[in-house]
Amino acid sequence: MTETRTQTAHPHIDWDAAELDLDAYHHRIGQSPRPPSPEALFALHEAHVRTIPFENVDVVLGRTPSLRLADIAAKLVDTERGGYCFEHGLLFAAVLDRLGYDVTRGVARVRFDQPDAEQTHLVLLVRTEGERFLADVGFGAGPLVPLPLRDGARTDHGGWPFRLRRDGGFWLLENPDPEGDWRIAHGFDETPQRHIDYVVGNHYIATHPDSAFTGRLVVMRKDRDVHRKLVGDRLVVEYADETPREVTTVEPGDLGDTLRSHGIVVTGDDLARLREVYAGSSTE
């Protein structure tokens, strides 16, 4: 009698976390390694968001960012650079893996309620001490700390309100609009993703003409009480309290210093080329 074999629907995926220099990462964000706990997760998440900027410099220079963990670490950990969601998320997931957290790598659809919204944002579902959390270090304008994966969970850490809402099989991350109404930032389910799924999304984000990240700079640095963002040639500083936001235009000659003030160092030919592209960009 011939024996039949049943294949598993969930193959093992090696995310290369063992390659990560964990000490170098903790030095980069100014933290010390701690055993897994909700408190340690919150501190790690906030330190990552406040230290490593969100930016798309490589995309503007015509490069598709590498999603190999070694390349991400060389960029975000070893140099004064940042990245966008795939880079941030894959790096943070590897850190959590190494520290002993239970991590599920997922994907979200930004502007979830819009019919043409693409599914191109990496999110992490993290379990520790019997509770699950949404960790979202690569959203740019996202939360400083994780949110418990519970319907109605909220945080206003640093003065920036967010909440999670359950809608059928999806979780919706929401934040207030200028009028104070809750709007959907992104939505996701709990389906685990594979590395190739992010490679596909990364190609779209870095190369497609409809991507929000091709053709103009998008740089964000979020902290408690203040959020700084450069979109095109417009630098916007927003405050968590009622202080009016500040909007200024950044000239090409000031671009290097402006990026440096956001924790991003670009020099030489890259800076010259970036200034050329930047001079031709506009903000709607």
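## Arg81 and its contacts

In this predicted model, Arg81 touches residues from several parts of the sequence. Beyond neighbours within four places, its contacts include Arg28, Ile52, Pro53, Glu55, Val57 and Asp58. Lys75 and Leu76 are also in contact with Arg81. So are Gly263, Ile264, Val265 and Val266.

Arg81 sits in the loop between α4 (69-76) and α5 (85-99). Is Arg81 buried or exposed? Its relative accessibility is 12%, and the cut-off for buried is under 20%, so Arg81 counts as buried.

## Helix α5

α5 has 15 residues, and 13 of them are buried. The helix is mostly covered. Its length fits expectation: at 1.5 Å a residue, α5 should span 21 Å, and its end C-alpha atoms are 21 Å apart. Just after α5 comes Gly100, with a positive phi of about 100 degrees.

## Packing of α4 on α5

The α4 and α5 axes come within 10 Å and cross at roughly 105 degrees. Angles of 65 to 115 degrees count as roughly perpendicular, so this pair does too. On the α4 side, the meeting residues are Leu69, Ile72, Lys75 and Leu76. On the α5 side, they are Phe86, Glu87, His88, Leu90, Leu91 and Ala94. Two of these α4 residues, Lys75 and Leu76, are also contacts of Arg81.

## Packing of α1 on α5

α1 covers residues 22-29. Its axis and that of α5 come within 11 Å, crossing at roughly 120 degrees. The two helices are therefore oblique to each other. The crossing is left-handed. Leu22, Tyr25 and His26 make the contact from α1. From α5, the partners are Leu91, Phe92, Val95, Arg98 and Leu99. Leu91 thus appears in the contacts of α5 with both α1 and α4.

## Nonpolar cores

Nonpolar side chains tend to be buried together in soluble globular proteins. Here the largest nonpolar core has 61 residues. Which residues have the most contacts inside it? They are Tyr25, Leu91, Phe92, Leu96, Leu124 and Phe188. The largest share of this core, ten residues, comes from α5. A second, separate core has 16 residues, among them Val60, Leu217, Ile264 and Val266. Ile264 and Val266 are also in contact with Arg81.

Phe188 belongs to the largest core. Leaving out residues up to four places away in sequence, Phe188 touches Val107, Ala108, Val123, Leu125 and Leu134. Its other contacts are Leu149, Leu164, Gly169, Phe170 and Trp171.

Key. Residues are numbered from 1 along each chain as its sequence is written. This is a predicted model: local features need pLDDT of at least 70, side-chain atom pairs count only at pLDDT 80 or more; totals for chains, interfaces and linings use all residues. Side-chain values use heavy atoms; hydrogens and water are left out. Helices (H or I, at least four residues) and strands (E, at least two) are DSSP runs, numbered from the N terminus. Buried means under 20% relative accessible area, exposed over 50%, partly exposed in between (1.4 Å probe, protein chains only). Contact means heavy atoms within 4.5 Å. A nonpolar core is a set of buried Ala, Val, Leu, Ile, Met, Phe, Trp, Tyr and Cys residues joined through side-chain atoms within 4.5 Å. The expected span of a helix is 1.5 Å times one less than its number of residues. Axes are lines fitted to C-alpha atoms, for helices over the stretch in contact, and angles run from 0 to 180 degrees between N-to-C directions. Angles under 35 degrees count as roughly parallel, over 145 as roughly antiparallel, 65 to 115 as roughly perpendicular and the rest as oblique. A crossing is left-handed if the near helix is turned anticlockwise from the far one by less than a right angle, and right-handed if clockwise.
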